[in-house]
Amino acid sequence: MRIALVGCGAVTQAVYVPLLSRRRDLFEVSAVCDLSRTLADAVGDRLGAARRYTAVAEMLAEGGFEAVVVLASGSHGETVRQALAAGYAVLCEKPLALTRAEVAALPEGRLMVAYMKQYDPAVRRAEEILAELGGPEVIRSVEVTVLHPSGESQLAFANLTQANDVDAGLLASLRAAEGELVSRALGEQAPEQVRNLYGVALGSICHDLSLLRRFTGSPEEISYVEMWGAAPGSIEISGPLPVRGRFSVRWHYLEDYPAYRETVAIHHDRGSLELVFPSPYLMNAPTTLTVVSGGESRTHWRDVTEAFEVQLVAFHAYVNDGKPPLTDAGGGLEDIVTAQRIAARYAVQHGLPIGGESA
């Protein structure tokens with residue numbers, strides 16, 4: 001399947017380039033696009049893509065591929081809209097967009113939102129076990145802890161190509177446009193701490209929201225949100241699960257923490273399921289699933305199959321065989337709505353202005 005890549009930054013270089021290089025049985029990268037011609041050339045050289053672009057519209061108009069993989073930073077809504085309107089299938093990295101309106105504006109088409117942790121073998125095994133136990137009805141609580149060091153420390157091994165060849169005026173206009181989208185989501189008067197919270201919720205905590213969707217369904221209510229420490233700092237979120245029990249998320253940005261660590265613990269009536277995720281940039285590093293059951297026995301389960309690779313294979317199956325993805329536009333919208341509820345709860349608790357879609 002011939003594909004085009006939009007965005008040639010850190011995730012593309014550290015994750016997608018090596019995976020696409022070894023899965024040439026499924027994918028041929030025909031074109032790459034980035035605001036930086038330096039990055040587009042670097043990724044194009046590594047993947048053998050002859051055509052390199054700095055404008056998405058030009059790439060879509062010239063075509064020569066069947067699907068678009070959107071890996072750029074920020075909101076992806078407009079790029080996805082253009083690609084779907086042009087008739088291409090789309091794999092879009094999270095978040096799908098920053099506003100509900102962007103999702104509502106998407107035309108019909110084949111769209112898969114990339115939440116690779118949903119495709120992690122340990123997560124799929126946990127889903128199977130939970131279903132055997134009785135599903136969401138048996139869950140007492142879901143407790144998430146994320147210890148998040150700096151991106152630079154997580155990617156120090158990757159030898160990334162850097163670039164400074166993008167016009168400063170263009171970058172400023174793009175940042176302003178993204179700020180306007182956040183204002184539409186939160187209101188013009190939303191203060192900086194609410195905007196920062198929303199950014200973390202859609203940029204990082206959304207992975208845990210996507211797992212809640214798989215295990216229990218999306219939270220319909222947020223009871224409590226708190227933040228402390230210098231931004232992005234620490235964030236605590238809690239609320240009821242849609243069927244039974246409660247959830248809590250504690251997310252900490254710890255710049256000098258030794259290594260990324262994310263724990264998702266599902267406590268049910270007869271035991272626990274605990275998932276411990278390594279840094280997402282470490283290819284084939286296994287997630288550990290610990291099953292605590294009768295007699296306090298503990299079973300550890302690991303699989304070195306790379307979740308990002310399983311996700312790419314699933315996208316190929318979606319486009320070619322019609323197998324539905326785990327997250328489509330509807331799932332991506334659910335996470336945007338939950339992130340807006342998180343921002344609104346924090347604002348209400350602290351007497352801060354909130355408007356836009358979140359109101």
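Helices here are DSSP runs of at least four residues, numbered from the N terminus. With that in hand, let's work through some exercises on this predicted model.

**Exercise 1. Place Ala163 in the chain and decide whether it is buried or exposed, or in between.**

Start with the secondary structure: Ala163 sits in the loop that links helix 7 (151-154) to helix 8 (168-186). Next, take its relative accessible area, which is 37%. Buried means under 20% and exposed means over 50%, so Ala163 counts as partly exposed. Finally, look at its surroundings. Leaving aside residues up to four places away in sequence, Ala163 touches Ser36, Thr38 and Leu39. Arg125, by contrast, is 38 residues from Ala163 in sequence and 41 Å away in space, C-alpha to C-alpha.

**Exercise 2. Which residues make the nonpolar surface patch of about 220 Å²?**

The patch is made by Leu35, Leu170 and Leu174. Now take Leu174 by itself: it belongs to helix 8. Its relative accessibility is 39%, so Leu174 is partly exposed.

**Exercise 3. Work out the strand order of the six-stranded sheet, and find its edges.**

Reading across this open sheet gives 3-2-1-4-5-6, with parallel pairing. The edges are strand 3 (51-53) and strand 6 (111-114); each has a single partner strand, so one side of each lacks a neighbour in the sheet. From one strand to the next, the twist averages 20°.

Now zoom in on one pair. Strand 1 (residues 2-6) and strand 4 (residues 67-70) are joined in the parallel sense over four bridges, and Leu5 stands opposite Val69 in strand 4. To finish, add a helix: helix 2 (residues 37-47) packs on the sheet, where it touches strand 1, strand 2 and strand 3. The direction of helix 2 makes about 160° with that of strand 3.

**Exercise 4. Do the same for the eight-stranded sheet: what is its order, and which strands stand at the edges?**

The order of this open sheet is 8-9-10-7-11-12-13-14, and the pairing is mixed. Strand 8 (224-228) and strand 14 (297-301) stand at the edges, and because each has a single partner strand, one side of each is left without a neighbour in the sheet. Neighbouring strands are turned by 10° against each other on average, direction ignored.

For an antiparallel example, take strand 9 (residues 234-240) and strand 10 (residues 246-253), which pair over seven bridges. Here the bridge partner of Ser234 is His252 in strand 10.

Last step: helix 11 (residues 329-349) lies across strand 8 and strand 9, and runs at about 75° to strand 8.

Terms used: Residues are numbered from 1 along each chain as its sequence is written. This is a predicted model: local features need pLDDT of at least 70, side-chain atom pairs count only at pLDDT 80 or more; totals for chains, interfaces and linings use all residues. Side-chain values use heavy atoms; hydrogens and water are left out. Helices (H or I, at least four residues) and strands (E, at least two) are DSSP runs, numbered from the N terminus. Buried means under 20% relative accessible area, exposed over 50%, partly exposed in between (1.4 Å probe, protein chains only). Contact means heavy atoms within 4.5 Å. Patches are made of residues with over 30% relative accessible area and no salt bridge: like charges are joined within 9 Å, nonpolar side chains (Val, Leu, Ile, Met, Phe, Trp, Tyr) within 5 Å. Accessible areas come from the Shrake-Rupley method with a 1.4 Å probe; for residues, only the protein chains shown count as cover. A salt bridge is a side-chain nitrogen of Lys or Arg within 4 Å of a carboxyl oxygen of Asp or Glu. Two strands pair if DSSP finds at least two bridges between them. Axes are lines fitted to C-alpha atoms, for helices over the stretch in contact, and angles run from 0 to 180 degrees between N-to-C directions.
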